[in-house]
There are 2 protein chains.
Amino acid sequence: MKVGFVGLGIMGTPMARNLLKAGHQLVVYDVVPETVAGMVASGAARGESARDVAARSEVTITMVPDGPEVEAVILGPAGALEGAARGSTLVDMSSISPLVAQKVGAACEARGVHFLDAPVSGGEPKAIDGTLAIMVGGPAAAFERVKPILLKMGASAVLVGDIGSGNVAKLANQIVVALNIAAMSEALVLATKAGVDAEKVYQAIRGGLAGSTVLDAKAPMVLARNFKPGFRIELHIKDLANALSAAHAVGAPIPLTSQIMEIMQALKVEGREKEDHSSVVHFYEKLANVEVKKRS
Amino acid sequence: MKVGFVGLGIMGTPMARNLLKAGHQLVVYDVVPETVAGMVASGAARGESARDVAARSEVTITMVPDGPEVEAVILGPAGALEGAARGSTLVDMSSISPLVAQKVGAACEARGVHFLDAPVSGGEPKAIDGTLAIMVGGPAAAFERVKPILLKMGASAVLVGDIGSGNVAKLANQIVVALNIAAMSEALVLATKAGVDAEKVYQAIRGGLAGSTVLDAKAPMVLARNFKPGFRIELHIKDLANALSAAHAVGAPIPLTSQIMEIMQALKVEGREKEDHSSVVHFYEKLANVEVKKRS
């Protein structure tokens, strides 16, 4: 199947490479010519615009930073929807507001073009490995058609519901991850300030009801003072902004998410926005004037 | 070894029974005569007071509701410390403030009596099964002596640090569990209010970084509208009160824990204090005027 790919950033490039490796004919476009050249050197065809890519593809994937970029690249001038044939499919894999996904989806459907929102979880390492978790919203028939393509980029692709549902699941994921990091931080900073070895506390609680993937992934990073991303604070801020705006739009107040958003904003003020989101612990360490670290 | 047990409540009774089953000579005391009679019928000796139990035991375990009860039963008139011989050991397995544990421990050590704080995690089911997680603070030598006894009641017994450290670990555990429940609740209520099947969102996110023991234990309960404890809101409130007072005493502000404390207080006002702590979802459901449940 001829596949188009628009948006060759940190995530898009390895995802597109995995489609090439799987033998797909790929047409690509990005606003940065160098990233397109790199992909063309690997065997992809060069598209002149998102419109051109969509005109030459049965399925066009978009992977851009946020909602405004998705609107521009699909609905804007020279956008994918201008080029997409009736019956073709657009799959937006960016992490955006579900409300924007619904708006873009409605515009596509009005033109006879299928649309799926299919944001991913797992970050750059899993994009490279082709083991992303893909959360999909849209019509089941369109999902089944593109599922084999998605599974070249991801270990799983789950249809959650209607258009926008993929991004609702992604926001739910980001809420839980952010708050689980805050929970770990409050616990480990309190233990450290109370004079107790945070690593032993981590070991004592990880096997019980307090256990989590966040705790096992991030507590060792904090104890080793390693805040290399992983997943950057600035991206989590973007996702939490989308979560809060979606929550306010549908009428579901999320007060603790609002708090962790402010904590991440405080870290941005300190210049930590490029650090891993486990850097949230710094907020609490500053409050308590203490540092969580290995004793030995 | 002759073992004493003071405090035969919901947790203490099955813990003491596991010591009897393991063949220990047990002397027991509780303020409620009926619970003592039940244990005597099972083969335990009746103590007249905490003092009497400690006088007849090499190791005396206390398992009572909170710090004031621990102070009364160990330091008070006819308390365990009045009866304990020099070189004997008191093990308090209640969940209390680490500051109270340190105060009681210092009083014991001043009298030549060893003291360990050894709170447990796992609730009544794991108390019955003898598979509690036991977090211990105190001298290593005393810990090694009583470890075989602890492992009759628990699947694990971890020495975390000095006296009080067991309860610091327990509070860290309770902070993480409470906030992970809040995180799950914000995510699932937002998804539901956005018109998405919460069960599908749970399935879509549980395998990634958002995965946790809380999510797998509690999301199915919420979806099934089953709020039978488990672990009651009123007990979690007690633990969070101890966490906040310890945090304020040592100087480690925990603002999100303070928020989930207020949420649990709101549920108490609604008469939900006997429900499982997953009942936290009700707070968010009321805010959003929606109910998280299975669709089928």
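**Exercise 1. Cis peptide bonds**

Where in chain B does G230(B) lie?

Solution. G230(B) is in the loop between α11 and α12 of chain B; helices (H or I, at least four residues) and strands (E, at least two) are DSSP runs, numbered from the N terminus. The model is a predicted one, in which local features need pLDDT of at least 70 and side-chain atom pairs count only at pLDDT 80 or more, while totals for chains, interfaces and linings use all residues. Residues are numbered from 1 along each chain as its sequence is written, chains are lettered from A and ligands numbered from 1 in the order in which they are written, and side-chain values use heavy atoms, with hydrogens and water left out.

Next, take the bond that leads into this residue. From P229(B) to G230(B) the peptide bond is cis, with omega near 20°. In chain A, the peptide bond from P229(A) to G230(A) is cis with omega near 15°, and G230(A) lies in the loop between α11 and α12 of chain A.

**Exercise 2. Aromatic pairs**

Find the aromatic pairs over all chains and describe their geometry.

Solution. The search of the whole structure gives two aromatic pairs. In one, F283(A) and Y284(A) are edge-to-face, at 5.3 Å centre to centre and 90° between the planes. The rule used is that rings of Phe, Tyr and Trp (its six-membered ring) pair if their centres lie within 6.5 Å, and that planes under 30 degrees apart count as stacked, over 60 as edge-to-face and the rest as tilted. F283(B) and Y284(B) form an edge-to-face pair too, with 5.3 Å between centres and 90° between planes.

Then check accessibility. Y284(A) has a relative accessible area of 1% and is buried; buried means under 20% relative accessible area, exposed over 50%, partly exposed in between (1.4 Å probe, protein chains only). Y284(B), at 0%, is also buried.

**Exercise 3. Two helix pairs**

Classify the packing of α4(A) with α6(A) and of α10(B) with α11(B).

Solution. Start with α4 (residues 67–75) and α6 (residues 98–110) of chain A: the angle is about 10° and the axes are 10 Å apart. Axes are lines fitted to C-alpha atoms, for helices over the stretch in contact, and angles run from 0 to 180 degrees between N-to-C directions. The angle therefore makes α4(A) roughly parallel to α6(A), given that angles under 35 degrees count as roughly parallel, over 145 as roughly antiparallel, 65 to 115 as roughly perpendicular and the rest as oblique.

The α4(A) side of the contact is G67(A), V70(A), E71(A), I74(A) and L75(A), and these meet V100(A), K103(A), V104(A), A107(A) and C108(A) of α6(A); contact means heavy atoms within 4.5 Å. Sorted by type, the residues of this contact are seven nonpolar, one polar and two charged. Ala, Val, Leu, Ile, Met, Phe, Trp, Tyr, Cys and Pro count as nonpolar, Asp, Glu, Lys and Arg as charged, and the others, Gly among them, as polar.

Now α10 (residues 198–205) and α11 (residues 213–223) of chain B: the angle is about 170° and the axes are 11 Å apart. These helices are therefore roughly antiparallel to each other. From α10(B), A198(B), E199(B), Y202(B) and I205(B) take part, and from α11(B), L215(B), D216(B), A219(B), P220(B) and L223(B). The residues of this contact divide into seven nonpolar, no polar and two charged.

**Exercise 4. Surroundings of α11(A)**

List the buried residues of helix α11 of chain A and what covers them.

Solution. The buried residues of α11(A), residues 213–223, are V214(A), L215(A), K218(A), A219(A), M221(A), V222(A) and L223(A). Their cover includes α9 (165–193), α10 (198–205) and α14 (280–288) of chain A. Just after α11(A), R225(A) has a positive phi of about 55°.

**Exercise 5. Positive phi outside glycine**

Locate N289(A) and A78(B), and give their phi values.

Solution. N289(A) belongs to the segment after α14 of chain A. Its phi is near 55°, and N289(A) is exposed at 68% relative accessible area. A78(B) is in the loop between α4 (67–75) and α5 (80–83) of chain B, with a positive phi of about 60°. A78(B) is partly exposed at 28%.

**Exercise 6. A buried aspartate**

Which residues does D239(B) touch, not counting those up to four places away in sequence?

Solution. D239(B) sits in helix α12 (residues 233–250) of chain B and is buried, with a relative accessible area of 2%. The residues touched are S95(B), K170(B), L171(B), Q174(B) and F231(B).
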